Amino acid sequence: MSADVKIAVTGAGGRMGRTLIRLIHETPGAVVSGGIEAKGSPHVGTDLGLLAGLAEPLGLLASDDALSVIRDTDVLIDFTVPAASVEFAGLCAQARIVHVIGTTGMSEDDEARVAAAARHATIIKSGNMSLGVNLLASLVRKAARALDPSWDIEIVEMHHRHKVDAPSGTALLLGEAAAEGRGISLKDNSERGRDGQTGARAEGAIGFAALRGGSVVGDHQVILAGPSERITLGHIAEDRAIFARGAIRAALWGKGKGPGLFSMADVLGIE
């Protein structure tokens, strides 16, 4: 019988961190091995089981020593901020472990540093870890491939008021899928933040609109608008647990894969 996969989490005291700890503890074949918190966090030194609301303590304390946690785990699941995720990627590369990244809002330089770390670590990175969103991306890719550029593509997303980056990582994931379907570069063919006298819409562009408010977990629509007809493909996230479950699935998949940069499409076997 193979040993359980040891999984540590970043931001152990946050909403996603607590959800991950609880679900890892409930997942056959996985075991919580550690939790990382920022220096100065009030959660440092607190039992991870108590942080997650489990019935009993786990005997593991939230730590601000990321390297010590990473050295004693098989996988690190990371939903934090770009600067932290880039640092964690480097540490995971040193330790030759799996790094599952759900962090969004990375710059081109951040992405390049993560790709460099993937030469030594198994890195699974996605703008969204849910099964539904990754299936949606596959459908968007196929639709964009089937329809000519006279069909305009608009991506509308809404998230809670506290989200700090826009467009969302999921919206960009869907935009990349549309661009791939059309065989174009998203970077050179996207429209964002229209305001004032913008002129007519450029044919073939992929548009983005970001809405923020309330406690919305995640709502995404991809609108393909052609002459006299529209197709709308969408996904609604009702609970952050869907992202945690996807990340845990990625963690189990990545164990033993070897160095490389992978996506949730790889994990799920989706085109």
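In this predicted model, helices α1 and α8 are oblique to each other, because an angle that falls in none of the ranges set for roughly parallel, roughly antiparallel or roughly perpendicular counts as oblique. The angle at which α1 (residues 15–26) and α8 (residues 241–254) pack is about 55 degrees, and their axes lie 9 Å apart. The crossing in which α1 passes α8 is right-handed. On the side of α1, the contact is formed by M16, T19, L20, L23 and I24, while α8 contributes A241, F243, A244, R245, A247 and I248. When these residues are sorted by class, the contact of α1 with α8 consists of nine nonpolar residues, one polar residue and one charged residue.

A second pair of helices, α6 and α7, can be described in the same terms. Helix α6 (residues 131–146) packs with helix α7 (residues 169–182) at an angle of about 30 degrees, and the two axes are 7 Å apart. Since angles under 35 degrees count as roughly parallel, α6 and α7 are therefore roughly parallel to each other. Here, too, the crossing is described by its hand, and α6 passes α7 in a right-handed one. The residues of α6 that take part are V133, N134, L136, A137, V140, R141, A144 and R145, and they meet T170, L173, L174, A177, A178, E180, G181 and R182 of α7. By class, the contact of α6 with α7 divides into nine nonpolar, three polar and four charged residues.

The strands are considered next, beginning with an open sheet of six strands, in which the order is β2-β1-β3-β4-β5-β11 and the pairing is parallel. At the edges of this sheet stand β2 (30–36) and β11 (260–262), each of which pairs on one side only. From one strand to the next, the twist averages 20 degrees. Within the sheet, strand β1 (residues 5–10) is joined to β2 by six bridges, and the two strands run parallel; in this pairing, V9 stands opposite G35 of β2. Strand β1 is also joined to strand β3 (residues 75–78), with which it runs parallel, by three bridges, and A8 stands opposite L76 of β3. Although β2 is an edge strand, six of its seven residues are buried, so β2 is largely enclosed by the rest of the structure.

Two helices lie across strands of the six-stranded sheet. Helix α4 (residues 82–95) lies across β1, β2, β3, β4 (98–101) and β5 (122–125), and its direction is at about 165 degrees to that of β4. Helix α5 (residues 108–117), in turn, lies across β4, β5 and β11, running at about 145 degrees to β5.

Another open sheet contains five strands in the order β7-β8-β6-β9-β10, and its pairing is mixed. The edge strands of this sheet are β7 (190–192) and β10 (229–237), each pairing on one side only. Neighbouring strands are turned against each other by 20 degrees on average, when direction is ignored. Strands β6 and β8 (residues 206–212) pair in the parallel sense over seven bridges, and E157 stands opposite A210 of β8. Helix α6 packs on this sheet and touches β6, β9 (218–226) and β10, with its direction making about 165 degrees with that of β10.

Two histidines of the five-stranded sheet can be placed in more detail. The first to be described, H159, belongs to strand β6 (residues 152–159). Because residues under 20% relative accessible area count as buried, H159, with a value of 7%, is buried. When residues up to four places away in sequence are not counted, H159 touches S168, L211, R212, G213, V216, V217, G218 and H220. The other histidine, H235, lies in strand β10. With a relative accessibility of 15%, H235 likewise counts as buried, because this value is under the 20% limit. Again leaving out residues up to four places away in sequence, H235 touches S130, G132, V133, L136, G218, D219, H220 and I242. Among these contacts of H235 are thus V133 and L136, residues of α6 that also meet α7.

Definitions and conventions. Residues numbered from 1 in each chain as written. Predicted model: local features only at pLDDT ≥ 70, side-chain atom pairs only at ≥ 80, totals over all residues. Heavy atoms only, no water. Axes fitted to C-alpha atoms, helices over the stretch in contact; angles between N-to-C directions. Helix = DSSP H or I, 4+ residues; strand = E, 2+ residues; numbered from the N terminus. Parallel < 35°, antiparallel > 145°, perpendicular 65-115°, else oblique. Left-handed = near helix turned anticlockwise from the far one by under 90°. Contact = heavy atoms within 4.5 Å. Nonpolar A, V, L, I, M, F, W, Y, C, P; charged D, E, K, R; others polar. Pairing = 2+ DSSP bridges. Buried < 20%, exposed > 50% of the residue type's maximum accessible area, 1.4 Å probe, protein only.
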